[in-house]
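Visitor: I would like to be guided through the fold of this chain, one question at a time.
Guide: Certainly; let us begin with the structure itself.

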Amino acid sequence: MNKFKIVSASTSHAYGIGVIAIIVGVSVVVVYYTSFYLPESLAKPSVSEEVLDPVKTTTIEMIEGSASSDQQDNFVPKLVNIQLGIDNLVIWKNVDTTAHTVTPDRRAEDSYSGVFGSQGVIKPGYDYEFLFTEETEIEYHCEPHPWMKGKIIVTKARF
Ligand SMILES: [Cu+2]
């Protein structure tokens, strides 16, 4: 009689663990689906065709002599106003004989294009380009030559 009771207790215990395991398993799937899968599929930025393929590009040159702090101009033009869907593809051209960077003063990220700023240096003759898809204001500089400063203001197209 005693033996039977023990066996029965241990099977029901195993059954309980099985049920708990299923509940935990299902909750993990639900939590994953709602907190990772769903937001990611909803958060995919839907960027309009005009913004992805603007009619114009904006060019900023790092002009010759920019490595000298005595020279007034370096990023030319220094302040740029950009409109989404018009000229939001920005290209920095290094037309100088020294390598430069495009480095934001504070971390900046576009939800479509990712983190803003050149990866390492832009060698003479090379470009750095960035497609802005959101309104933003970014102050940037050149890492080796901190006197080189520029500013980008991105706004929606004013129709
Ligand atoms: Cu520089």
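**Sheets, core and a partly exposed glutamate**

Visitor: What is the strand order of the open sheet that contains β3?
Guide: This is a predicted model. The sheet in question is open, has 4 strands and shows mixed pairing. Strands β3 (79–84) and β5 (103–104) stand at its edges with a single partner strand each, so one side of each lacks a neighbour in the sheet. The order is β3-β10-β9-β5.

Visitor: Which residue of β10 stands opposite Ile138?
Guide: Strand β9 covers residues 136–141 and strand β10 covers residues 149–156. The two run antiparallel and are joined by 6 bridges. Opposite Ile138, in β10, stands Ile152.

Visitor: Which strands stand at the edges of the open sheet ordered β2-β1-β4-β8?
Guide: That sheet is also made of 4 strands, with mixed pairing. An edge strand here has a single partner strand, so one of its sides is left without a neighbour in the sheet. The strands in that position are β2 and β8.

Visitor: In which sense, parallel or antiparallel, do β1 and β4 pair?
Guide: The pairing of β1 with β4 extends over 6 bridges. Within it, Glu61 stands opposite Lys93 in β4. By contrast, β4 (residues 89–94) pairs with β8 in the antiparallel sense over 5 bridges, and there Val90 stands opposite Phe130. For β1 and β4 the sense is parallel.

Visitor: Which residues of β8 point to the buried face?
Guide: In a regular strand, side chains alternate between the two faces of the sheet. Strand β8 (residues 127–131) shows this alternation: Asp127, Glu129 and Leu131 point to one face and are not buried. Those that point to the other face and are buried are Tyr128 and Phe130.

Visitor: Is Glu129 buried, exposed or partly exposed, and why?
Guide: Glu129 lies in strand β8. Leaving out residues up to four places away in sequence, Glu129 touches Leu89, Val90 and Ile91. A residue needs 20 or more C-beta neighbours within 10 Å to be buried, and 12 or fewer to be exposed. Glu129 has 15 inside that distance and therefore counts as partly exposed.

Visitor: Which element gives the most residues to the largest nonpolar core?
Guide: The core has 18 residues, and those touching the most other members are Ile82, Val90, Trp92, Val102, Phe132 and Ile152. Two or more residues come from each of β1 (57–62), β4, β8, β9 and β10. The element that gives the most, with 3 residues, is β4.

Visitor: Which residues does Trp92 contact, leaving aside its neighbours within four places in sequence?
Guide: Trp92 is among the core residues that touch the most other members. One of its contacts, Val102, is also in that group. The complete list is Ile60, Met62, Val102, Ile122, Asp127 and Tyr128.

Visitor: Where is Pro77 placed, and what is the form of the peptide bond from Val76 to Pro77?
Guide: Pro77 is in the loop between β2 (75–76) and β3. The bond from Val76 to Pro77 has omega near -5°. Its form is cis.

Visitor: What percentage of the chain's residues count as buried?
Guide: The chain has 2 helices and 10 strands, with both helices preceding the strands from the N terminus on. Among contacts between residues at least 6 apart in sequence, 68% join residues at least 24 apart. Of the 159 residues, the share that counts as buried is 21%.

Conventions:
Residues numbered from 1 in each chain as written. Predicted model: local features only at pLDDT ≥ 70, side-chain atom pairs only at ≥ 80, totals over all residues. Pairing = 2+ DSSP bridges. Core = buried A, V, L, I, M, F, W, Y, C linked by C-beta atoms within 7 Å. Contact = placed C-beta atoms within 7 Å.
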